[in-house]
Amino acid sequence: MSSDAMAIRVAEAAGRPWAEVLHDWITTVDHKRLGILYILFAMLFLVIGGIEAIVIRVQLMHPHNDFVSPQVFNRMFTMHGTTMIFFVIMPFMFGFANYLVPLMIGARDMAFPRLNAFSFWLTAFGGMLLYFSFLGGSGLYGAGNAPDVGWWAYAPLTSRAFSPGHSADYWTIAVLVSGFGSIGTATNIIATILSMRCPGMTLGRMPLMGWMTLVMSGLVLISISPLSAAQIMLLVDRYLGGHFFDTQAGGSAALWMHFFWIFGHPEVYILVIPAFAFASEIIPVFSRKPIFGYPVMVAATVCIGFISMSVWAHHMFTIGMDSAANTFFVLTTMAIAVPTGIKIFNWLGTMWGGKIQFKTPMLFCVAFLFQFLIAGLTGVMLGAAPFNWQLSGSYFVVAHFHYVIVGAILFCIFGAVYYWFPKMTGRMLNEGLGKLHFWLFVIGFHLTFDPMHIPGLLGMPRRIYTYEPGRGWDTWNVIISIGAFIQGIATLLFVVNLVLSYFKGPRAGNDPWDAWTLEWAVSSPPPAYNFARIPTVASRRPLWDRKHPEDPDSRYE
Amino acid sequence: MSEGTSSVAQAPGTWNLPYRGKVGMACLIIAESAIFTIFVVAYLFYAGKSLAGPTPREVLDPPIFYTICLLSSSLTIHFASRFLERGGRGAFLSFWFLTIFLGGLFLFGTGREWHRLIYEHGLTISTNLFGTTYYSLVGLHAFHVTVGLIMLSIVFLFGLAGRVGSEQSARVEVLSMYWHFVDAVWVVVFTVVYILGR
């Protein structure tokens with residue numbers, strides 16, 4: 001009977017005027033719709049940030065290229081970095097958390113649905129504000145355009161003298177506003193996980209996605225807030241004549257660096273822990289085995305959360321800290337490799353002896369494992385202060401963190417989209433196009449970011465808009481740019497796949513992957529109320545128990 | 001939603017999770033603490049580094065009376081919410097009003113201090129590092145007191161209209177958590193600005 005009611009509602013929806021549908025989406029407080037809005041917003045900005053990356057790579061393809069002016073180049077790398085961190089990866093992560101966490105823990109919605117909508121729109125308007133700077137950045141002064149201070153916005157570049165007009169203000173306020181949105185969503189996720197779990201869903205039975213999202217949200221609370229505080233200080237400096245970062249009045253530029261990186265390093269873990277969460281959900285399902293070492297995975301995640309709060313100054317070895325500080329930050333940075341290594345072994349342990357199915361989501365996760373390992377290894381290299389003194393600010397660093405953000409995080413996001421798209425839309429993504437997307441993206445990724453280490457080692461600094469020929473960087477830069485174009489084409493294929501499959505893809509059914517977490521127990525897409533009856537859970541794999549009543553997991557836990 | 005609560009009720013008594021309002025407020029308090037920490041660190045880092053006067057020692061007097069006002073408002077809000085829990089509406093309203101009054105008195109104290117600093121000592125946010133850090137740290141706290149007072153007043157108005165009863169006590173308790181936090185932050189700000197920073 002309920003399915004009839006659903007069918008009627010769908011038929012009604014199909015015939016409704018578009019303005020009403022739009023109104024529904026804009027005023028929605030449903031966690032699933034907000035999750036999808038977050039993800040669509042992130043995809044839009046992924047394409048925009050990607051175009052900026054392509055502009056950067058075209059400019060750097062040849063020495064003495066003049067595709068864009070130095071000023072535009074500065075704007076491009078600033079906007080690329082800010083967009084990708086704050087308006088692509090974070091909204092992706094919040095979108096998936098929003099959509100999946102209530103379903104996975106057997107709840108009807110988030111703890112605070114209206115706060116959820118408010119937080120999303122803060123982030124969305126933050127992103128729009130950042131891009132409005134292209135039009136409004138010059139303000140009354142006729143100077144500046146989009147922000148061009150780099151995504152760290154180091155003092156004194158952001159002072160009135162060096163950033164006239166409003167470009168730096170657009171950056172500050174966009175990041176501040178979206179930061180408040182992040183804090184709201186993180187609060188919501190924590191309250192949902194702690195207060196809304198269905199009966200039997202103890203913390204020890206929660207899917208790893210729940211645990212990792214919980215740790216990520218805790219990190220958001222303690223690390224986005226310092227950034228907000230620093231942005232408020234910057235606004236005080238720029239608008240009220242304060243002296244926080246004004247070296248001529250005794251202020252300290254290094255203090256901004258500390259405040260920024262107190263945010264900036266945990267931020268890396270805010271981005272990567274949800275990626276771990278996707279891998280921890282996808283790898284077991286496609287290995288046909290439960291996750292290996294669940295308690296250790298949880299412990300390692302919490303451990304990473306704690307250690308990540310004490311590593312920030314490894315971004316600042318070159319500013320001249322004393323040897324005690326250097327030693328401390330080298331040791332903590334090395335230490336964080338331990339829980340991360342544990343995770344990699346656990347994922348391998350999950351795959352070991354499993355009946356692995358190389359579907360597209362799994363392919364992305366397997367590539368993630370390899371690439372994340374290499375990213376971690378160059379991270380350990382850069383974590384050693386003497387090595388860092390040599391290579392800080394070079395393309396080696398750029399290669400390293402793109403290996404993390406593209407090679408690990410973006411790959412997991414693609415995997416997650418292929419894995420959960422059927423749940424969100426009711427249709428499967430095209431597997432052939434998916435595999436083509438995967439292989440093209442892998443080739444493009446490695447063509448870009450493997451060679452990028454080398455001009456870095458040869459001394460090519462980041463953020464230069466052009467360079468002299470004959471330094472041994474030329475060929476490498478051509479290869480890097482070609483790789484970037486291939487990644488661009490692969491991403492376009494992905495978008496095509498999304499659109500085609502949304503309309504023409506085969507029907508997914510409730511549980512296309514034969515998975516074990518609660519989101520697969522409801523229809524695809526799930527009804528607005530999620531669960532007609534709030535489920536009761538007896539083990540970590542509630543759907544396994546339901547499918548195999550003769551041999552339930554709960555017997556062994 | 002009512003359907004949901006009824007089916008949860010089928011698992012009797014064993015499934016108790018924390019109240020989501022309290023968890024949410026605890027999260028907000030954690031985030032706010034991080035913001036205040038950064039401002040406190042900046043204050044301490046720049047203490048004594050101003051290139052020009054006036055210095056804190058010359059111009060700051062510890063506002064002992066107003067501090068007592070604010071801290072005792074933590075007690076009055078505690079009593080107010082206890083009374084509400086037991087259904088004593090009149091006592092709740094009077095203690096709630098006393099809390100607003102004490103908070104307002106504290107804000108008045110901050111205003112008087114700022115007036116004196118600006119008009120007698122010429123200290124503004126752009127005068128020197130001390131001015132920048134002092135006004136932003138104390139101002140951030142005063143902003144939180146103001147937000148708290150607005151929310152307390154809304155509850156008070158609803159209370160006058162007879163809309164706040166013991167069934168709202170869990171929500172009122174959430175607001176009182178926030179107010180306790182604002183008071184606790186003042187203990188830190190007071191120590192940093194008026195004791196360590198001088």
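Colleague: How much of chain B, with its 198 residues, counts as buried?
Modeller: The share is 34%, where a buried residue has 20 or more other C-beta atoms, placed from the backbone, within 10 Å of its own (12 or fewer is exposed, in between partly exposed). This is a predicted model, with local features needing pLDDT of at least 70 and side-chain atom pairs pLDDT 80 or more, while totals for chains, interfaces and linings use all residues. Residues are numbered from 1 along each chain as written, with chains lettered from A and ligands numbered from 1 in written order.

Colleague: Happy with that! Over in chain A, why are H7(A) and H9(A) called roughly parallel?
Modeller: Helices H7 (208-240) and H9 (294-307) of chain A pack at about 10 degrees, axes 10 Å apart. Angles under 35 degrees count as roughly parallel, so the pair earns the name. The axes are lines fitted to C-alpha atoms over the stretch in contact, with angles from 0 to 180 degrees between N-to-C directions. Helices here are DSSP runs (H or I) of at least four residues.

Colleague: Which residues of H7(A) and H9(A) meet?
Modeller: Among them are A:Trp211 and A:Leu219 in H7(A), and A:Met297 and A:Val302 in H9(A); contact means C-beta atoms within 7 Å.

Colleague: What puts the buried residues on the same side of H9(A)?
Modeller: These are A:Tyr294, A:Met297, A:Ala300, A:Thr301, A:Ile304 and A:Gly305. They span an arc of only 140 degrees around the axis, so they share one side of H9(A); the arc is taken over directions from the helix axis to the C-beta atoms. Their cover includes H7, H8 (253-287) and H10 (323-351) of chain A.

Terms used. Helix = DSSP H or I, 4+ residues; strand = E, 2+ residues; numbered from the N terminus. Parallel < 35°, antiparallel > 145°, perpendicular 65-115°, else oblique. Contact = placed C-beta atoms within 7 Å.
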